[in-house]
Amino acid sequence: FWPRLLADALLLFGAGVLGVVSSFAVAPVVETLLSVDEYRASPITREFGRLMTSFGLPVSLGTVLAAFLLLHLLKNGFLVFARHRLLRTKYAVLKDLILKSLEGFFRARWLLFATSERGMILNSFIREINSAGDAFSSLAFLAASGIQMACYLAVAMALSWQVTAIAMLG
């Protein structure tokens, strides 16, 4: 399952990067709404404007808002797809765990089943399998959140490591 987990981690990293980019897209929207001229605009807005003109789009409120909306839709679509993949990986792990456990049950001697109450083994088995699946899912979502946090922290550090350090410590 390691290749699937690696692919899921890369998807989540991509979603984190898109989250950072979509967060930066707020600056051009605000500066366009405030009618800030090109010389007083932030470097993010100037770069955003250059990118839009390279695609042949005018830098207007409508196109900036459309780009902002498109970035957020893309980010959220990416997140939904990444979480879908994580859940598919979770259920693939559960399926493997259930099949291996059932193989062990079928190889067990009859005495195991004859000495225990009817249904107790099955109920315990199902409860433990569900707990293992939930633990795997929680661990995967924790890793995903850690990746996203690392993306946001990297951007904050790149902008100003001093301010980021003060904000983290204070």
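**A note on the helices and a surface patch**

1. Let's start on the outside: Val-26, Val-30, Leu-33, Leu-34, Leu-61 and Leu-65 make up a nonpolar patch on the surface, with a combined accessible area of about 510 Å². Helices α2 and α4 are the elements that give two or more residues to this patch, and the largest share, three residues, is from α2. Patch residues have over 30% relative accessible area and no salt bridge, and nonpolar side chains are joined within 5 Å.

2. Keep in mind that this is a predicted model, where local features need pLDDT of at least 70 and side-chain atom pairs count only at pLDDT 80 or more. Residues are numbered from 1 along each chain.

3. How confident is the protein's model? Its average pLDDT (the predictor's confidence in each residue, from 0 to 100) is 83, and 95% of the residues score at least 70. Helix α3 (residues 43-54) has the highest confidence, a mean of 89, while helix α5 (residues 110-114) has the lowest, 65. Where pLDDT is low, please don't read the predicted coordinates in detail.

4. Now look at helix α1 (residues 2-24): its end C-alpha atoms are 33 Å apart, which agrees with the 33 Å expected for 23 residues at 1.5 Å a residue. Its buried residues (under 20% relative accessible area) include Leu-11, Leu-12, Leu-18 and Val-20. Among the elements covering them are α2 (26-33), α4 and α6 (120-159).

5. Leu-57 sits in the loop between α3 and α4 (61-107). Its relative accessible area is 41%, so Leu-57 is partly exposed. The C-alpha atoms of Leu-57 and His-84 are 34 Å apart, with 27 residues separating them along the chain.

Technical notes: Side-chain values use heavy atoms; hydrogens and water are left out. Helices (H or I, at least four residues) and strands (E, at least two) are DSSP runs, numbered from the N terminus. Buried means under 20% relative accessible area, exposed over 50%, partly exposed in between (1.4 Å probe, protein chains only). The expected span of a helix is 1.5 Å times one less than its number of residues. Contact means heavy atoms within 4.5 Å. Patches are made of residues with over 30% relative accessible area and no salt bridge: like charges are joined within 9 Å, nonpolar side chains (Val, Leu, Ile, Met, Phe, Trp, Tyr) within 5 Å. Accessible areas come from the Shrake-Rupley method with a 1.4 Å probe; for residues, only the protein chains shown count as cover. A salt bridge is a side-chain nitrogen of Lys or Arg within 4 Å of a carboxyl oxygen of Asp or Glu.
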